[in-house]
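Dear colleague,

I am handing over the structure we spoke about, with the sequence alongside, and below it you will find my notes on what turned up. Please keep the model open while you read.

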Amino acid sequence: MIDLTPSSWLTQRFGTDSPRWRLPPDSNALYLSDAEDRMIVAIALSNAQAEDVRKLEGSTATVAIETQLEGMPLGLILIGRRTDHDEWRGVATWCNDTAAVRREMERGLNFSEQVISEVSSLIVIVDDQGNIKRFNRECERLSGKTEAEVMGKNALELFFSAEESEKIRANLTTFFRSMHSWETERHILTKDGPRLIWWRNRLVRNATVDQWFLVCSGTDITEQRRAQARLEEQASTDSTTGLPNRHAIQNIINLAVATRPIKPFDLLFLDLDNFKNINDHYGHAIGDLLIARVGQALREQIGPGDVLARFGGDEFLLLLYDATPEKTASVCRKIRQLMETPFTLQHIQVYSGCSIGVASFPADGESLSELVRNADTAMYAAKAANKGGVMHFSREMNNHLQESMWLDGGLRQALQENQFSLHYQPQVCLRSMRAVSVEALIRWQSSERGMVPPLSFIRYAEDSGLIKQIGRWVIREAMAQARRWSTLPQPLRISVNLSARQLGDPELLSDFMDAMQQHGFTRSPLDIELTESCIASDEGRTIEIMSALRALGVNIHLDDFGTGYSSLSQLTRLPLQVIKMDQSFIRAIPADARSMALLRSMVAVAQQLDFQIVAEGVETDSQLDFIREIGVDLAQGYHFARPMPADQLEQWLRSMASPEAGSALARSATSHT
């Protein structure tokens, strides 16, 4: 007898009473197949039937359909779910085969349960009121509560603060109404305290009970966020002071600039005045300790709403909100008073003043770069005017900045394009009335501005450090000229001026020796002129360098004597050969009797110390008469000749050697003996 039950039909067609089924996303054809997809039968579903199948979500559920197979009525139970490929798949059984239905449901559900329980993510399923329906093992591990303890209880009350719970409850209602999935970060209460969880929330319909549930899959990101916070803190915090760093303060200023409506503020740029000396003398450990202590002390001087940051090196930025002239002046005054007191660092007392530049927003700039630049400009103006001072930015300072920028580029171009030249002013022996030496004076013929006076660029060259390169050029050029003049009947010594920065250059001696070797000199034909300020800072180091230069044959002149800081006792210790009386004393002749008396005394002292004496700035006969009377050895000034190029100086020397000039000079010398 042939078995004609639907179950037997399924077995005959597919080799099993539970064939596979598949419903594609773009068709209402339900495909039944065997396990290897060798036998496939398509069954047309109505729109309503297909819609019921497509209501299946990611968890295993069932749908009952009435259809036909080869003309025979067939009732099927479809057991399955939606897959990752946006298809619906599962197994089908005859609707009266309850054993098969139960078996397939248990198989699917057991697998789903195993996945939910063992997955490393937190899995919580709740209803639209937040009541817990499923709570996996990862949730038990993190919360310290078992599934049995929490089943049916409200998750919002168990794991969230009261404030957070109210927000989530309102969101639940909205999300169940909109039926949209979403992701969010929420703190939950656990056995180890609050933990930050990244939740991926998806609404799923259980077709069996026709109810929607919220499936929450979570990942604990607490440590990740803490590590990220530490990295952000490190990226925005100065390690030495604990203050916001350059990056952080720039972000803060940008935010303050962008705030609308505009809220004025002042930006203070602070720079320690003698930090480099402290660093060089005591070492970087003491320098870093000083920076840390200064940062701590400055922080105590500012209001709770203001921001102090270390900008870099020994520079700090202070952002004063709601600034008024009175508030800014008061803060600057407190900072200056603070920096006037010494800091005790490892039993060492260190003094370090600071200079302050102030720029106001929006008057002095409407962007980060403009404000910082203008505050920095004002700080340098304060430092130049008076260390430990305060300067508010002005537009005139910008002109100075632009001039400095032009000088920086122009001087570098001058070095590259050989725009410098040397002029020479003779120094005349007052006994023979013949030139025995010359002073080399630099001149700059700019391709852009023409002749630029030395007073316009020498100060900047010294401040910027370019004076070292310029001084190196002067030494080489003067040495080359000395070689050209070495064939004269009486070769001229050439004196060049050195600044304190050049004197401290460790390459100074090698510059002299290289130039001497290049031009074949075993003894230097060059002398150097130093101002008294060059020897004021470190006498021991200065004497060491001067002695090394003396060994090369360099005579050392003390320039502008009488206007600086040297004492008589210091003169006895320095390896000097020549003292040049400052021209301010010479100009006083014959009008100022006191200056003349002082000059007479200085010459007498110099003679007792066996120094040769040069008088600068001699312009008149009366000045010449007086300096010869008191015993000055050499003189230079417009009375004899102005500074001139080398070829003109050679013509001047030839003219002075003529019989007529020689007779005139002889008569002049005789009349003054």
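The protein chain contains 25 helices and 27 strands, and please bear in mind throughout that this is a predicted model. Of its 673 residues, 47% count as buried, and among the contacts between residues at least 6 apart in sequence, 58% join residues that are at least 24 apart. The accessible surface of the chain comes to about 34,500 Å², with 50% of that belonging to carbon and sulfur atoms.

A good place to begin is strand 24 (residues 556–561), where five of the six residues are buried, so that the strand is largely enclosed by the rest of the structure. Strand 23 (residues 526–531) runs parallel to strand 24 and is joined to it by four bridges, while strand 25 (residues 578–581), also parallel to strand 24, is joined to it by three bridges. Leu558 can be followed to both neighbours, since it is the bridge partner of Leu530 and has Ile579 as its bridge partner in strand 25.

Further along the chain, helix 24 (residues 646–656) has Ala646, Leu649 and Trp652 as its buried residues. Seen down the helix axis, these buried residues fall within an arc of 110°, so they line one face of helix 24. What covers them includes strand 19 (420–429), strand 20 and helix 16 (467–485).

Strand 20 (residues 435–446) also holds Arg443, a residue that deserves a careful look: Arg443 is buried yet has no salt bridge, and the nearest side chain of opposite charge, that of Glu439, is 8.7 Å away. Leaving aside residues up to four places away in sequence, Arg443 touches Gln419, Phe420, Ser421, His423, Met451, Pro454 and Pro643.

Finally, some details of the backbone are worth checking in the loops. The peptide bond from Arg260 to Pro261 is cis, and Pro261 lies in the loop between helix 9 (246–258) and strand 12 (265–272). A cis peptide bond also joins Ile589 and Pro590, with Pro590 placed in the loop between helix 21 (583–587) and helix 22 (593–608). Asn418, in the loop between helix 14 (395–417) and strand 19, has a positive phi of about 55° although it is not a glycine, and Asn418 is exposed, with a relative accessible area of 53%. Asp610, which is not a glycine either, has a positive phi of about 65°; it sits in the loop between helix 22 and strand 26 (612–615) and is exposed, with a relative accessible area of 67%.

With best wishes

Note on methods. Residues numbered from 1 in each chain as written. Predicted model: local features only at pLDDT ≥ 70, side-chain atom pairs only at ≥ 80, totals over all residues. Heavy atoms only, no water. Helix = DSSP H or I, 4+ residues; strand = E, 2+ residues; numbered from the N terminus. Buried < 20%, exposed > 50% of the residue type's maximum accessible area, 1.4 Å probe, protein only. Contact = heavy atoms within 4.5 Å. Areas by Shrake-Rupley, 256 points an atom, 1.4 Å probe, with all protein chains shown as cover. Lys, Arg positive; Asp, Glu negative; His and termini not counted. Salt bridge = Lys/Arg side-chain N within 4 Å of Asp/Glu carboxyl O. Arc of directions from axis to C-beta. Pairing = 2+ DSSP bridges.
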